[in-house]
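This report describes the helices of one protein chain, how they pack, and a few residues picked out along the way. The model is shown first.

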Amino acid sequence: MIVQLMIWSAFTFIEWLSKHDQLLYKVIMFFVFFYLAFALCNRVTQSTAKTLFITSLSLVIYSSIHYTLALITH
């Protein structure tokens, strides 16, 4: 889970660096990072259902932390 949160943090950093890119490129980048997180978790768990659950859960947790901190700081 920690490694996946690091992957989502890297995605946020890369997205911040590419703030002038078109939306299509950001969506493609999101799917690349999602696949990376999924493949890494699948390598560890060896179960597609668990992998999908863990990856989705880590994305939800990271998003909620990210947007909560954004609301607090702005």
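In which helix is A10 found? A10 is found in helix α1. The model is a predicted one, and the values below are computed from its atoms.

## Overall architecture

The secondary structure of the protein comes to three helices and zero strands. In sequence order the pattern is α-α-α. Helix α1 covers residues 2-17, while helix α2 runs over residues 23-45 and helix α3 over residues 48-73.

The C-alpha trace spans about 40 × 30 × 15 Å along its principal axes. The protein has 74 residues, of which 22% count as buried.

## Helix packing

Two packed helices are described by the angle between their axes and the distance between the axes. For α1 and α2, the angle is about 165° and the axes lie 10 Å apart. That angle makes α1 roughly antiparallel to α2, because any angle over 145 degrees falls in that class. The crossing of α1 past α2 is right-handed.

Helix α3 crosses both of the other helices obliquely. The axes of α2 and α3 come within 9 Å and cross at roughly 130°, so α2 is oblique to α3. This crossing is right-handed. For α1 and α3, the axes also come within 9 Å, and the crossing angle is roughly 55°. That makes α1 oblique to α3 as well, and α1 passes α3 in a right-handed crossing.

## The loop between α2 and α3

Which residue has a positive phi although it is not a glycine? The residue is Q46, with a phi of about 60°. Most residues other than glycine have a negative phi. Q46 lies in the loop between α2 and α3.

Is Q46 buried or exposed? At 63% relative accessibility Q46 counts as exposed, because the cut-off for that class is over 50%.

## A nonpolar surface patch

F13, I14, W16 and L17 form a nonpolar patch on the surface. Together these four residues have about 440 Å² of accessible area.

One member of the patch, L17, lies in helix α1. The relative accessible area of L17 is 53%, so this residue is exposed. A second residue can be placed relative to L17: the C-alpha atoms of H66 and L17 are separated by 16 Å. Along the chain, H66 and L17 are 49 residues apart. H66 is found in helix α3 and, at 32% relative accessibility, counts as partly exposed.

## Further residues and distances

How far apart in space are A10 and F33, C-alpha to C-alpha? The distance is 8.7 Å, for two residues that are 23 apart in sequence. A10 has a relative accessible area of 32% and is therefore partly exposed, since the partly exposed class lies between the 20% limit for buried residues and the 50% limit for exposed ones.

T68 has its place in helix α3. Its relative accessibility is 41%, so T68 counts as partly exposed. The C-alpha atoms of T68 and F38 are separated by 25 Å, and these two residues are 30 apart along the chain.

## Summary

The predicted model has three helices and zero strands. Helix α1 is roughly antiparallel to α2 and oblique to α3, while α2 is oblique to α3. The loop between α2 and α3 holds Q46, with its positive phi of about 60°. The nonpolar surface patch consists of F13, I14, W16 and L17.

How values were computed:
Residues are numbered from 1 along each chain as its sequence is written. This is a predicted model: local features need pLDDT of at least 70, side-chain atom pairs count only at pLDDT 80 or more; totals for chains, interfaces and linings use all residues. Side-chain values use heavy atoms; hydrogens and water are left out. Patches are made of residues with over 30% relative accessible area and no salt bridge: like charges are joined within 9 Å, nonpolar side chains (Val, Leu, Ile, Met, Phe, Trp, Tyr) within 5 Å. Accessible areas come from the Shrake-Rupley method with a 1.4 Å probe; for residues, only the protein chains shown count as cover. A salt bridge is a side-chain nitrogen of Lys or Arg within 4 Å of a carboxyl oxygen of Asp or Glu. Helices (H or I, at least four residues) and strands (E, at least two) are DSSP runs, numbered from the N terminus. Buried means under 20% relative accessible area, exposed over 50%, partly exposed in between (1.4 Å probe, protein chains only). Axes are lines fitted to C-alpha atoms, for helices over the stretch in contact, and angles run from 0 to 180 degrees between N-to-C directions. Angles under 35 degrees count as roughly parallel, over 145 as roughly antiparallel, 65 to 115 as roughly perpendicular and the rest as oblique. A crossing is left-handed if the near helix is turned anticlockwise from the far one by less than a right angle, and right-handed if clockwise.
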